[in-house]
Amino acid sequence: MSVQAAIRRKTAPDIFARKGGEPIVMLTSYHAHTAALVDRYCDAILVGDSLGNVMHGYETTVPVTLEMMILQGRAVMRGSQHALVVVDMPFGSYEASKEQAFHSAVRILKETQCGAVKLEGGERMAETVAFLSERGIPVMGHIGLTPQSINTLGSFRAQGREEGSWEPIENDARAISDAGAFSIVIEAVAEPLARKITGKIAAPTIGIGASAACDGQVLVLEDMLGLSPRTPKFVRRYGDLGPAIEAAIKGYAADVRSRNFPGPEHVYGMKTRN
Ligand code: KIV
């Protein structure tokens, strides 16, 4: 069997075909080693620009560059075999024009060999989503709370809390779906609105803080593992690894300081004394 046949990754059309079916499971990853773990259980892996917060300690995702996304995208591709890898287009790499978006997305696809890109924005990005999709670049949309717009939003607030504010978000979802997005992340959106959108558009919706009414879910891996300094309120924790990691580091530091440290004879079974 060829390598290609043995390692068949999920594709954007595979994810699109899951509309209304078995929920799509997605997590973020930025490293080869976590990608290998996530790959065993997830349909898709998002190399999110949240790496700016999680890996680099930035307050927002605004400082993240295309080079940072490509570097971590390559690591995740090396670590995974089966899941569709989606790489976020960072702030400033796609908004100026559909041509700018095309050149940035082509760099991401060529240099990481991932299967799709994700970009933020609704109606205003529809033309770009169509331009990319028609040219062989699968696009995942991202509407509702769009963290790259923090400087105009003013805060990371849930969207569509009152019914009166639903219409622009519904229009965003419809525009991006009609433009050819193969799926759409809906972030921090009230449950009845997420349900309404999910029932109306062709693209599967992937919720983050948007209820089980979506066609799938995504979380930031470090948030659900209890490793992020600030975790959004809607995140359900599946682990509390921070204290376990700290205990291990503390134990190591204590061993080094008290010279309680194994030598090579311990590791290789070498006999260094009689
Ligand atoms: O960057 C990211 O991790 C994301 C998720 C929060 C959906 O966009």
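The ligand occupies the largest pocket of this predicted model. A pocket here is an open set of points on a 1 Å grid over the protein atoms alone, where a 1.4 Å probe fits, with protein on both sides within 12 Å along at least five of seven lines; a molecule sits in a pocket if more than half of its atoms lie within 2 Å of its grid points.

Local features need pLDDT of at least 70 and side-chain atom pairs 80 or more, while totals for chains, interfaces and linings use all residues. Residues are numbered from 1 along each chain, and side-chain values use heavy atoms, without hydrogens or water.

Around the ligand (a heavy atom within 4 Å) are Thr-28, Leu-46, Gly-48, Asp-49, Ser-50, Asp-88, Lys-118, His-142, Val-185, Ile-208, Val-218 and Val-220. By class, this shell holds five nonpolar, four polar and three charged residues, with Gly counted as polar. Polar side-chain atoms and ligand oxygen atoms form these polar contacts (N or O pairs within 3.5 Å):

| Residue | Distance to a ligand oxygen atom |
|---|---|
| Asp-49 | 3.0 Å |
| Ser-50 | 2.5 Å |
| Lys-118 | 2.9 Å |

Taken alone, the ligand exposes 260 Å², of which the protein buries 94% (Shrake-Rupley method, 1.4 Å probe).

The whole structure has zero disulfides, a disulfide being a pair of cysteine sulfur atoms within 2.5 Å. Cys-42 is too far for a bond because the closest cysteine sulfur, in Cys-214, is 16 Å from its own. Cys-114 is also in no disulfide, with the sulfur of Cys-42 as the nearest, 17 Å away. Cys-42 is buried (under 20% relative accessible area) at 7%, and Cys-114 counts as buried at 7%.

Terms used. Polar contact = N/O pair within 3.5 Å; in protein donor to acceptor, adjacent residues only side chain to side chain. 1 Å grid on protein atoms, 1.4 Å probe; cavity = no way out; pocket = protein on both sides within 12 Å on 5 of 7 lines; lining within 4 Å. Buried < 20%, exposed > 50% of the residue type's maximum accessible area, 1.4 Å probe, protein only.
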